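Please look over the sequence and the structure shown here before reading on. The paragraphs that follow lead through selected helices and the residues that join them.

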Amino acid sequence: MPNKPEHIAKAESNQKLADTLSRGAYLDWAVTLLFYSALHYVDAILAVSGVNPETHTERGDAMGNNDTLKRIRPEYRTLETLSRNARYREMKIDPDDLQKARENFDPLCAHLRSRMGLK
């Protein structure tokens, strides 16, 4: 199972690629990468406690039992929904959807990074 630094590295990598794709025609992938960046930040927090969820359901349950993660759960769920819409429901992701993803990702990311002592 990945550890905290590995999850953080993956989160940062996903975020950088999302930023690149946000400037082009692949907004669906940008939104999806923001979600997976959030997922890895969440998993980094959980890894410190020895919790390594293998499914989205397990992760959601673990988030409900963690005070740090409870605070960003609504933002996480919004990102998850936007990502699922792009991946499985083949809904067109437009600039407004990307903006909504950013409005949820940015505070989630700031909160979790600060809790981990990161800038």
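**Helices and their contacts**

When neighbours within four places in sequence are set aside, N14 is in contact with L33, Y36, S37 and H40, where contact means heavy atoms within 4.5 Å. The model is a predicted one, in which local features need pLDDT of at least 70 and side-chain atom pairs count only at pLDDT 80 or more, whereas totals for chains, interfaces and linings use all residues. Residues are numbered from 1 along each chain as its sequence is written, and side-chain values use heavy atoms, with hydrogens and water left out.

N14 itself is found in helix α1; helices here are DSSP runs of H or I with at least four residues, strands are runs of E with at least two, and both are numbered from the N terminus. Because its relative accessibility is 8%, N14 counts as buried, a term that means under 20% relative accessible area, while exposed means over 50% and partly exposed lies in between, with a 1.4 Å probe and protein chains only. From N14 to N66 there are 52 residues in sequence and 24 Å in space, C-alpha to C-alpha. A9 also lies in helix α1, but at 43% relative accessibility A9 counts as partly exposed. The C-alpha atoms of A9 and S37 are 9.5 Å apart, with these positions 28 residues apart in sequence numbering.

One of the contacts of N14, L33, leads into the next helix, for L33 is found in α2. L33 is buried, with a relative accessible area of 12%, and, not counting residues up to four places away in sequence, L33 touches N14, L17, A18 and L21. The C-alpha atom of L33 is separated by 9.0 Å from that of K16, which is 17 residues away along the chain.

Helix α2 covers residues 27-48, and its 22 residues reach 32 Å from the first C-alpha to the last, close to the 32 Å expected at 1.5 Å a residue; the expected span is 1.5 Å times one less than the number of residues in the helix. Of the 22 residues of α2, 18 are buried, so this helix is largely enclosed by the rest of the structure. T32, which is also found in α2, counts as buried at 3% relative accessibility. Leaving aside neighbours within four places in sequence, T32 is in contact with S83, A86 and R87. After α2 comes G50, whose phi is positive, near 80°.

The contacts of T32 point to helix α5, which comprises residues 73-87. The 15 residues of α5 should span 21 Å at 1.5 Å a residue, and its end C-alpha atoms are 21 Å apart, which agrees. Its buried residues are Y76, L79, E80, L82, S83, N85 and A86, and what covers them includes α2, α3 (56-64) and α6.

With α6, helix α5 packs at an angle of about 145°, the axes being 9 Å apart; axes are lines fitted to C-alpha atoms, for helices over the stretch in contact, and angles run from 0 to 180 degrees between N-to-C directions. The crossing of α5 and α6 is left-handed, which means that the near helix is turned anticlockwise from the far one by less than a right angle, a clockwise turn being right-handed. In this contact E75, Y76, T78, L79 and L82 of α5 meet D97, K100, A101, N104, F105 and L108 of α6. These residues divide into six nonpolar, two polar and three charged, where Ala, Val, Leu, Ile, Met, Phe, Trp, Tyr, Cys and Pro count as nonpolar, Asp, Glu, Lys and Arg as charged, and the others, Gly among them, as polar. E75 is partly exposed, with a relative accessible area of 21%, and touches N104 and L108, not counting residues up to four places away in sequence.

Helix α6 (residues 95-115) also packs with α1 (residues 4-22), at an angle of about 155° and with the axes 13 Å apart. The two helices are therefore roughly antiparallel to each other, since angles over 145 degrees count as roughly antiparallel, those under 35 as roughly parallel, 65 to 115 as roughly perpendicular and the rest as oblique. The crossing of α1 and α6 is left-handed. Here I8, E12, Q15, A18, D19 and S22 in α1 meet L98, R102, F105, C109 and R113 in α6. By class, the contact of α1 with α6 has five nonpolar, two polar and four charged residues.
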